[in-house]
Amino acid sequence: RDVVMTHRRAPDRETETESIEEVSAEELADAWAAGIRTEPWGQEEEVVRQLVGHKYVYAAAGARFFAARSEGGVSSYCELYTDGRTGQTLPEFRNRGLARAVVSKALAESSAAGNDLTFLLADASDWPKHLYEKLGFDTIGAIYDFALRR
């Protein structure tokens, strides 16, 4: 179950975002692949290749990507999608304390682009939901996904 959260309030505190970079899909490909490989369904390289390839579709449609780097690579990133009025952040975390800055940067860019609404999807039972609440996001609904496991 995912929750839909919209940004409605000021964050609990200001966050430094100067070190966060806007990056290309090519710069995120290795991070995407590494994240996919940590999932139970990401054990086959063909699956990894197809899912990383799908991210390039988002890039072609105008998605913007923001990343924090450490130890020479991407350690946290966020994807921002917009139709010119609405932004959506779909963050990936690497447990290095950079998630707040990456999401804050994408949120600031969404606002600067003139989006009237910025929202995200979060796993209802995972810790990032609590971070998003601290950043000013409120839960407004839920999405249920069902998958057949063999």
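Which residues line the second largest pocket? The legends below address this question and the packing of two helices in a predicted model.

**Figure 1. Lining of the second largest pocket in the predicted model.** The residues that line the second largest pocket are His7, Pro11, Arg13, Glu14, Thr15, Thr17, Ser104, Leu107, Ala108 and Leu135. This pocket holds about 200 Å³ of space.

**Figure 2. Origin and character of the pocket lining.** Helix α3 (residues 99-112) supplies the largest share of the lining of the second largest pocket, namely three residues. By character, the lining comprises four nonpolar, four polar and two charged residues.

**Figure 3. Crossing of helices α1 and α2.** Helix α1 spans residues 25-37 and helix α2 spans residues 45-60. Their axes come within 9 Å and cross at roughly 140 degrees. Angles over 145 degrees would count as roughly antiparallel, and α1 and α2 are therefore oblique to each other. The crossing of these two helices is right-handed.

**Figure 4. Residues in the contact between α1 and α2.** From α1, the contact is made by Ala25, Glu26, Ala29, Trp32, Ala33, Ile36 and Arg37. From α2, the participants are Glu45, Val48, Leu51, Val52, Lys55, Tyr56 and Ala59. Ten residues of this contact are nonpolar and four are charged, while no polar residue takes part.

Note on methods
Residues numbered from 1 in each chain as written. Predicted model: local features only at pLDDT ≥ 70, side-chain atom pairs only at ≥ 80, totals over all residues. Heavy atoms only, no water. Axes fitted to C-alpha atoms, helices over the stretch in contact; angles between N-to-C directions. Helix = DSSP H or I, 4+ residues; strand = E, 2+ residues; numbered from the N terminus. Parallel < 35°, antiparallel > 145°, perpendicular 65-115°, else oblique. Left-handed = near helix turned anticlockwise from the far one by under 90°. Contact = heavy atoms within 4.5 Å. Nonpolar A, V, L, I, M, F, W, Y, C, P; charged D, E, K, R; others polar. 1 Å grid on protein atoms, 1.4 Å probe; cavity = no way out; pocket = protein on both sides within 12 Å on 5 of 7 lines; lining within 4 Å. Points joined across faces, edges and corners; volume = space filled by probe spheres on them.
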